[in-house]
Amino acid sequence: MSKFHVSTTVNGDAVEYLCDPRETLLDCLRDKLNLTGAKEGCGTGDCGACSVSVDGRLVCSCLMLGVEAEGKQIDTVEGIAEGDVLHPLQKNFIEHAALQCGVCTPGILVAAKSLLEKNPSPTEEEARYWLAGNLCRCTGYDKIIRAVMETAEELREAS
Amino acid sequence: MDYHSPASFAEASALAANATGITRFLAGGTDVLVQLRSELVTPDTLIDIKKIDGVSDITRNVDGSWTLGVAATGAEMSEHPELSGDWPGVVEAMDLIGSTQVQGRATLTGNLCNGSPAADSVPAMVAAGVTVTITGPDGNRTIAAEGIPASPGKTTLTKGEVVTAVNIPARGENGGDAYLRFIPRTEMDIAVVGVGVSLRLDGDTITEARVSLGAVAPTVLLVDDCAKAIIGSTLDDVALDALAAAASAACNPIDDKRGTIEFRTEVAGVLAKRAAKIAYARAKGEQA
Ligand SMILES: Cc1cc2nc3c(=O)[nH]c(=O)nc-3n(C[C@H](O)[C@H](O)[C@H](O)COP(=O)(O)OP(=O)(O)OC[C@H]3O[C@@H](n4cnc5c(N)ncnc54)[C@H](O)[C@@H]3O)c2cc1C
């Protein structure tokens, strides 16, 4: 089977890759673009560790094909910090110890950023529902939710 | 696996008609990719319909009916205030599917054509009287949503047929719909029972109703006896009990780890009552 040539934008940079049509966007990000932030947890859309945003929409990159990325704007965890300056979400995740093993963290950061862009003042319940597709086996979620709620408040005060 | 992204439905249909082996259309991919990756179904031909013009549009027509493109996602439906205002049951059923991430991709058409008896949006579509438009080698046809599922994982679509649009009728005056499902936890699970109800009132009396059950038979059911049980009533206790009895009587479920036959049969009745009450309140313009 011939390979597809894909031109897309990742974290603001134009990139290209060749892929087999069976390869997922997650495979392409990790193996062709060396962006290993997005993780493969389950590979079936249940765990959210591979979350990225595509044209501003949160998706599981394991449930999208690499060929489908043609002409899209992809944002991954690698694009969240501004150079060495961490995003407020990242700072608060450290502050609140909202991560242990770290496998779920890139996906949760991408998902939480997408929440705060859509809804700058989420209730705790809204935040929990939004993140229901991001599984964490270490923290018990409470610290994650506190870090997200704290960031929401900081960003509201700053704006 | 051959991947195609045709620019028209005619082309998509021709590709499917001429393909050999297993063919799948790719809408949101939330079923297709799971099946591909778990090696349940590896299509020989995959036809991505998302490059076709207008497939993500959600349009209210002049007569008040709605036309939804076959790639319009759950997230786009939930963010559409007028659609949610007219058909809250259809929108809430779609919104129950998966997580935020899944909502960013999943579609009504994919949910319907995947053929799962537990597909959440399907009872809501059937209750609402949704039809789908299909293009195939013999031209176009429009059929009721309940005409699509044939058995678990199978549809009545023939080789080369592709769904091109989802048509939701005009809501009209004094109507309301609702969808409820039972799952063992509060998020991210497959329905043990799902119930969609749509009805219309004249004053306090129900004049029209459609009731549909999911996950209690090999396909989603449209249950006429449930509708008959409440039409002409004010949804009093007698009508509600008759509705529950008709819903339970229509069940022909499986036994599995999520729910026994007995449990599914009883819960179908309970949920039918609750969904009917919500649809009734919505028809009266009350928040529910
Ligand atoms: C984590 C997770 C949770 C989920 N939770 C739920 C849930 O709670 N409830 C539920 O009901 N489902 C659930 N699903 C299943 C799935 O998300 C839904 O069935 C979804 O609506 C499928 O839509 P799609 O656009 O992704 O379909 P796709 O995967 O793109 O397609 C599904 C099927 O429809 C066919 N098809 C697609 N478009 C057309 C067309 N235009 N014409 C003809 N055939 C077509 C395809 O050939 C394929 O067989 C879940 C899936 C995941 C991964």
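**View 1. The largest cavity holds about 30 Å³ of space.** This is a predicted model, and the count comes to one cavity of 30 Å³ or more. Who sits around that space? The lining is made up of Leu68(B), Gly69(B), Val70(B), Ala72(B), Thr107(B), Leu108(B), Thr109(B) and Val166(B). Two elements of chain B, β5 (66-69) and α7, give two or more residues each to this lining. Sort the lining by class and you get five nonpolar and three polar residues, with no charged ones. Keep an eye on Thr107(B), one of the cavity-lining residues, as Thr107(B) is also among the residues that come nearest to the ligand.

**View 2. The ligand sits in a site shared between chains, because residues from both A and B surround it.** There are 35 residues around the ligand, and Gly28(B), Thr30(B), Asp31(B), Thr107(B) and Asp120(B) come nearest. Split by class, the shell has 17 nonpolar, eleven polar and seven charged residues.

**View 3. Zooming in, three side chains of chain B place polar atoms by ligand oxygens.** Start with Thr30(B), where a polar side-chain atom lies 2.6 Å from an oxygen atom of the ligand. Next comes Thr107(B), with a side-chain N or O atom 2.7 Å from a ligand oxygen. For Arg181(B), the distance from a side-chain N or O atom to an oxygen atom of the ligand is 3.0 Å. How much of the ligand's accessible area does the protein cover? On its own the ligand has 990 Å² of accessible area, and the protein covers 92% of that. In chain B, β2 (23-26), α2 (32-37), α7 (108-113) and β10 (162-168) are the elements that give two or more residues to the shell. The largest share, four residues, comes from α7(B). You've met α7 of chain B already: it also gives two or more residues to the lining of the largest cavity.

**View 4. The second largest pocket has a volume of about 610 Å³.** Its lining counts 23 residues. Which of them lie nearest the centre? From chain A there are Tyr129(A) and Trp130(A), and from chain B there are Asp95(B), Thr100(B) and Gln103(B). On the chain A side, β4 (57-60), α3 (105-118) and α4 (124-130) each supply at least two lining residues. On the chain B side, α3 (74-78), α5 (88-95) and α6 (100-103) each do so too. The largest share, four residues, comes from α4(A). By class, this lining has six nonpolar, nine polar and eight charged residues.

**View 5. Chain A on its own has five helices and five strands.** Walk along from the N terminus and the elements run β-β-α-β-β-β-α-α-α-α. The C-alpha atoms fill a box of roughly 50 × 30 × 25 Å along the principal axes. Is chain A's radius of gyration in line with a compact globule, or out of line? A compact globule of 159 residues would have a radius of gyration near 15 Å, and chain A has 16 Å, so the two agree.

**View 6. Chain B on its own has eleven helices and 14 strands.** Its C-alpha atoms fill a box of roughly 55 × 45 × 35 Å, again taken along the principal axes. With 288 residues, a compact globule would have a radius of gyration near 19 Å; chain B has 19 Å, so it agrees with that rule.

Methods. Residues numbered from 1 in each chain as written. Chains lettered and ligands numbered in written order. Predicted model: local features only at pLDDT ≥ 70, side-chain atom pairs only at ≥ 80, totals over all residues. Heavy atoms only, no water. 1 Å grid on protein atoms, 1.4 Å probe; cavity = no way out; pocket = protein on both sides within 12 Å on 5 of 7 lines; lining within 4 Å. Points joined across faces, edges and corners; volume = space filled by probe spheres on them. Nonpolar A, V, L, I, M, F, W, Y, C, P; charged D, E, K, R; others polar. Near = heavy atom within 4 Å. Polar contact = N/O pair within 3.5 Å; in protein donor to acceptor, adjacent residues only side chain to side chain. Areas by Shrake-Rupley, 256 points an atom, 1.4 Å probe, with all protein chains shown as cover. Rg over C-alpha atoms; globule rule 2.2 N^0.38 Å.
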